[in-house]
Amino acid sequence: MSERIVVVAAALLDAGRLLAARRSAPPDLSGRWELPGGKVEPGECPEAALVRELREELGVSAEAVARVPGEWPLREPYVLRVWTARLHPASAAPEPLQDHDDLRWLTRDELWDVDWLDQDVPAVREVAGLLEAA
Ligand code: DCM
C-alpha cells in the first residue's frame, strides 16, 4: 500500500478577501496561482505545517482556523488538504519570499481572475462563499 504524503494549503482570509500566490517554480507550475502551502514533514501535525509554510513562504504570522472539507489528489504520492487561516494582528503583510513571484488579495468578484492550479480549483470553490461580493 502506498503512503500518502499530505500537502497542506491555506485559504488565508483577511477583510473578506482570499490570498492567491503565483508560483515561480517548477516550470510546469510557474505562472499558475495557488493557495500557499507545502508538504507536511514527518511527525508534524498539518496545522503546524501550515503555520510553518506561511512563515517561510510569505513571512507572516498566521494560524489555521478550520479544515475545508475535501481532499484532492496531486501527483503520486501527494494529496492536498486545505484549511482556512487568518493572520495574527501583529503579523507583517505577506510578501513572496520563496516559491512565488506575485500575490493578490481577491474579493469574491475577482476570484476567477487568476489562473488557479487545476488541483486548487475545487478548494477555491469551497471557500468562495466566505468572501465578500464587493
Ligand atoms: N501544491 C498544489 N497546490 C497547492 C500547494 C502545493 O498543487 N496549493 C503542489 C505543488 C507541489 C507540491 O504540492 O507539487 C508541493 O508543494 P511545494 O513545492 O510548495 O512544497
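Colleague: Which residues come nearest to the ligand?
Modeller: This is a predicted model. In it, 17 residues lie around the ligand, and Arg23, Glu34, Leu35, Gln119 and Asp120 come nearest.

Colleague: What does the side chain of arginine 23 do there?
Modeller: An N or O atom of that arginine 23 side chain is 3.2 Å from an oxygen atom of the ligand.

Colleague: And the backbone, which polar atoms sit by the ligand?
Modeller: Leucine 35 has a polar backbone atom 2.7 Å from a nitrogen atom of the ligand. For glycine 37, a polar backbone atom is 3.4 Å from a ligand oxygen atom.

Colleague: How much of the ligand's area does the protein cover?
Modeller: On its own the ligand has 440 Å² of accessible area, and the protein covers 88% of that.

Colleague: Which elements give two or more residues to the shell around the ligand?
Modeller: Strand S1 (5–14) and strand S4 (37–39) do. S4 gives the most, with 3 residues.

Colleague: What about the shell by class?
Modeller: It has 7 nonpolar, 3 polar and 7 charged residues.

Colleague: Switching to pockets. Which one does the ligand take up?
Modeller: The ligand takes the space of the largest pocket, whose volume is about 520 Å³. That pocket is lined by 23 residues, and Val7, Arg23, Leu29, Leu74 and Arg75 are the closest to its centre.

Colleague: Which elements supply at least two residues of that lining?
Modeller: S1, S4, helix H1 (46–58) and strand S6 (78–87) each do.

Colleague: And the lining by class?
Modeller: The lining of the largest pocket has 11 nonpolar, 3 polar and 9 charged residues.

Notes
Residues are numbered from 1 along each chain as its sequence is written. This is a predicted model: local features need pLDDT of at least 70, side-chain atom pairs count only at pLDDT 80 or more; totals for chains, interfaces and linings use all residues. Side-chain values use heavy atoms; hydrogens and water are left out. A residue is near a molecule or strand if one of its heavy atoms lies within 4 Å of it. A polar contact is a pair of N or O atoms within 3.5 Å; within protein, one must be able to donate a hydrogen and the other to accept it, and residues adjacent in sequence count only if both atoms are side-chain atoms. Accessible areas come from the Shrake-Rupley method with a 1.4 Å probe; for residues, only the protein chains shown count as cover. On a 1 Å grid over the protein atoms alone, a cavity is a set of points where a 1.4 Å probe fits but cannot get out, and a pocket is an open set with protein on both sides within 12 Å along at least five of seven lines; lining residues have an atom within 4 Å of a point. A molecule sits in a cavity or pocket if more than half of its atoms lie within 2 Å of its grid points. Helices (H or I, at least four residues) and strands (E, at least two) are DSSP runs, numbered from the N terminus. Ala, Val, Leu, Ile, Met, Phe, Trp, Tyr, Cys and Pro count as nonpolar, Asp, Glu, Lys and Arg as charged, and the others, Gly among them, as polar. Grid points are joined across faces, edges and corners, and a volume is the space filled by probe spheres set on the points.
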